[in-house]
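Subject: Structure handover

Hello,

Here is the structure I promised to pass on. Please open it before reading my notes.

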Amino acid sequence: FSDESGHYPAGSYVRNPPGSGHAPFSEDGCSILVKLRQFEPQDLTPVVIDTQSAILWQPGDTADTLSLHSFGEEQVAMLRVAAAREYLAAVNPGGTEIFVVSGTICYDNEPLPAESWLRFPAGHAASLTAVDDCVLWIKRGHLPRLI
């Protein structure tokens, strides 16, 4: 994936602030996840992270974590969950979204392969089990809150 600002290898996280414009292209073709209109209007920091860089990942008990961005209550990260491990998506007052980047997770006895999307509203927790080694993109704290 490329744009007028540079070339981004597979696995790159690119976050362009609201109101910015760019002209994406790919010489060889690629798949990208685009999530539009996801920012707070005051969140103007562009972010580019190579998620394949091993030194950026932090080991954890249930999953390795790579923080991607935070602003206000919003937190964005990637998780690596080993096969047969359980990951608890804890209750968040601003909800949680999870995108399965690779591997397969199981939620509520339903296997969810790569490119599956989960959205948990405010106040909802979920237990996920990795069927095989998984990489997940997770965003918390940005959905409408319970009153």
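Below is what was found, going from the whole chain down to one residue.

Please keep in mind that this is a predicted model.

**Overall build**

The protein chain has 13 strands and zero helices. Read along the sequence, the pattern is therefore β-β-β-β-β-β-β-β-β-β-β-β-β, with strands numbered from the N terminus.

How does the radius of gyration fit with a compact globule? A compact globule of 147 residues would have a value near 15 Å. The protein chain has 16 Å, which agrees. Along the principal axes, its C-alpha atoms fill a box of roughly 45 × 40 × 25 Å.

Contacts reach across the sequence. Take those with a separation of 6 or more: 60% of them are between residues 24 or more positions apart.

**Surface and charge**

Of the 147 residues, 35% count as buried. The accessible surface comes to about 8800 Å². Carbon and sulfur atoms account for 53% of that surface.

The protein chain carries 9 positive and 18 negative charges. The mean positions of the two sets are 7 Å apart.

**Strand S8 and its partners**

Strand S8 is a good place to zoom in. It spans residues 96-102. Five of its seven residues are buried, so the strand is mostly covered.

Which strands pair with S8? One is S11, residues 117-120. The two run antiparallel and are joined by four bridges. Within this pairing, Phe99 has Trp117 of S11 as its bridge partner.

Another is S13, residues 134-140. S8 and S13 also pair in the antiparallel sense, over six bridges. Here Ile98 stands opposite Ile138 in S13.

A general point helps when you look at these strands. In a regular strand, side chains alternate between the two faces of the sheet.

**Lys139**

Lys139 lies in strand S13. Is Lys139 buried or exposed? Buried means under 20% relative accessible area. Lys139 has 0%, so Lys139 is buried.

What does Lys139 touch, leaving out residues up to four places away in sequence? The list is Lys35, Gln38, Glu74, Gln75, Val76, Gly95, Thr96 and Glu97. Two of these residues, Thr96 and Glu97, fall within S8. S8 is also the strand that S13 pairs with over six bridges.

I suggest starting your own look with S8, then following S13 to Lys139.

Best wishes

Conventions. Residues are numbered from 1 along each chain as its sequence is written. This is a predicted model: local features need pLDDT of at least 70, side-chain atom pairs count only at pLDDT 80 or more; totals for chains, interfaces and linings use all residues. Side-chain values use heavy atoms; hydrogens and water are left out. The radius of gyration is taken over C-alpha atoms; the globule rule is 2.2 Å times the number of residues to the power 0.38. Buried means under 20% relative accessible area, exposed over 50%, partly exposed in between (1.4 Å probe, protein chains only). Contact means heavy atoms within 4.5 Å. Accessible areas come from the Shrake-Rupley method with a 1.4 Å probe; for residues, only the protein chains shown count as cover. Lys and Arg count as positive and Asp and Glu as negative; His and the chain ends are not counted. The place of a charge is taken as NZ of Lys, CZ of Arg, CG of Asp or CD of Glu. Two strands pair if DSSP finds at least two bridges between them.
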